[in-house]
Amino acid sequence: MEPLFLKPVFKERIWGGTALEKEFGYLIPSDKTGECWAISAHPNGPSIIENGSYTGVSLDNLWKEHPELFGNPTEEVFPLLTKILDANMDLSVQVHPDDTYANEHENGELGKTECWYVIDCKEDADIIVGHTAKTKEELVTLTQEGKWNQLLRKVKIKPGDFFYVPSGTIHAICEGTLILETQQSSDTTYRVYDYDRRDDKGNLRELHLDKAIGVTNVPHQDAGMSPVLETKENTTITTYIKSEFFSVYKWDVKGKTCFAFDNQYLLLSVIEGEGSLINKEEKYPLTKGTHFILPVGFGEFELDGNLQMIVSHM
Ligand code: ZN
């Protein structure tokens, strides 16, 4: 059994920058690179396997052709998507539908529940999560009147913070933030507000207010995270969330630690440090910015070195 190392896909965005190159050494397409799709089987940007027997195969094809690597799942599509986002400018204020709404209105797409681990941010950076409207009527009124300061709920952030953003939550990542996002594999976004920005041709980006108001949870309920820490040999494991869509952890590896996962495949992203993954006779180097999947049946393995990783599974 081999780990599946993945080649990221990069997306240029009007709000993007160069942090993905500066922080991770990635070859980015331009100085407006906003997203690294690190572990993706989404048709808008699937990852390619970089090593071993499946070199050159895309993750969506591997899911279809070798379901045994994923425990013969019932889901038709690989359900998760790991991204790193460089918000050099504010992202638009947006909301995503849930599975039922997306399936009905967006050609069978999945809904999008997402979560964010703040890798880095400028001092005093904010994030928008939720809103203050008590009723749909109030949401409509404040939106129509453009009372964004009154409507949108801003929260101060710092590196190491974690946010769970269920579908139906109005949200925006703000300027000066580098985030690792674990989400359902979906690309459906309803834009609520774009700060009245115009592109280089003088055009406003399209808003989707009707759909957005339709899917927004009112009133907003805060997810109220309480991460749980445990120590396993030389690794501190922080459990951020275990939801019906995914479970997400941080592993802080400070020396050799043994792991075993028999029945589930894992998505792993190295966000800091370096070390190695050791499986029986094989040793694989791990560096900052490496993303990989450990398939079902990978068995016992060791991690060694000084590594910070975000790990997720279904
Ligand atoms: Zn989002």
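These legends walk through a few views of a predicted model of a protein chain with a zinc ion.

**View 1. The whole protein chain is a mix of helices and strands.** Here you can find six helices and 21 strands. The C-alpha trace spans about 65 × 40 × 40 Å along its principal axes. How does the radius of gyration fit with a compact globule? For 314 residues such a globule would have a value near 20 Å, and the protein chain has 20 Å, so the two agree.

**View 2. Inside and outside of the protein chain.** Of the 314 residues, 53% count as buried. About 14400 Å² of the protein chain is exposed, and carbon and sulfur atoms supply 46% of that area. Now look at which residues touch: among contacts with a separation of 6 or more, 72% come from residues 24 or more positions apart.

**View 3. The zinc ion and its donors.** Which residues coordinate the zinc ion? They are H96, E114 and H171. Each histidine takes part through its NE2 atom, while E114 appears twice, through OE atoms. The distances run from 2.1 to 2.7 Å. Angles among the four donor atoms range from 50 to 125°, and the site is irregular. A site with four donors counts as tetrahedral only if all angles lie between 85 and 135 degrees, so the angles of 50 to 125° here do not meet that rule.

**View 4. Where the zinc donors sit along the chain.** Follow the chain and you will meet the donors with the spacing H-x17-E-x56-H. H96 lies in the loop between β6 (93-95) and α3 (99-105), whereas H171 belongs to strand β11 (residues 171-173). Because of these positions, the pair ties together parts that are 75 residues apart in sequence. Are these two histidines, H96 and H171, buried or exposed? Both H96 and H171 are buried.

**View 5. Helix α4 and its two sides.** Helix α4 covers residues 136-144, and L139, L142 and T143 are buried in it. Seen down the axis of α4, its buried residues fall within an arc of 100°, so they line one face of the helix. On the other side of α4, you can spot E137 and Q144, which are exposed.

**View 6. What surrounds helix α4, and what comes after.** The cover over the buried residues of α4 includes α5 (148-151) and α6 (209-215). Just past the helix, look for G146: this residue follows α4 and has a positive phi, near 65°.

Methods:
Residues numbered from 1 in each chain as written. Predicted model: local features only at pLDDT ≥ 70, side-chain atom pairs only at ≥ 80, totals over all residues. Heavy atoms only, no water. Donors = N, O, S within 2.8 Å, 3.2 Å for Na, K, Ca; no water. Tetrahedral: all angles 85-135°; square planar, octahedral: opposite > 155°, others 65-115°. Helix = DSSP H or I, 4+ residues; strand = E, 2+ residues; numbered from the N terminus. Buried < 20%, exposed > 50% of the residue type's maximum accessible area, 1.4 Å probe, protein only. Rg over C-alpha atoms; globule rule 2.2 N^0.38 Å. Contact = heavy atoms within 4.5 Å. Areas by Shrake-Rupley, 256 points an atom, 1.4 Å probe, with all protein chains shown as cover. Arc of directions from axis to C-beta.
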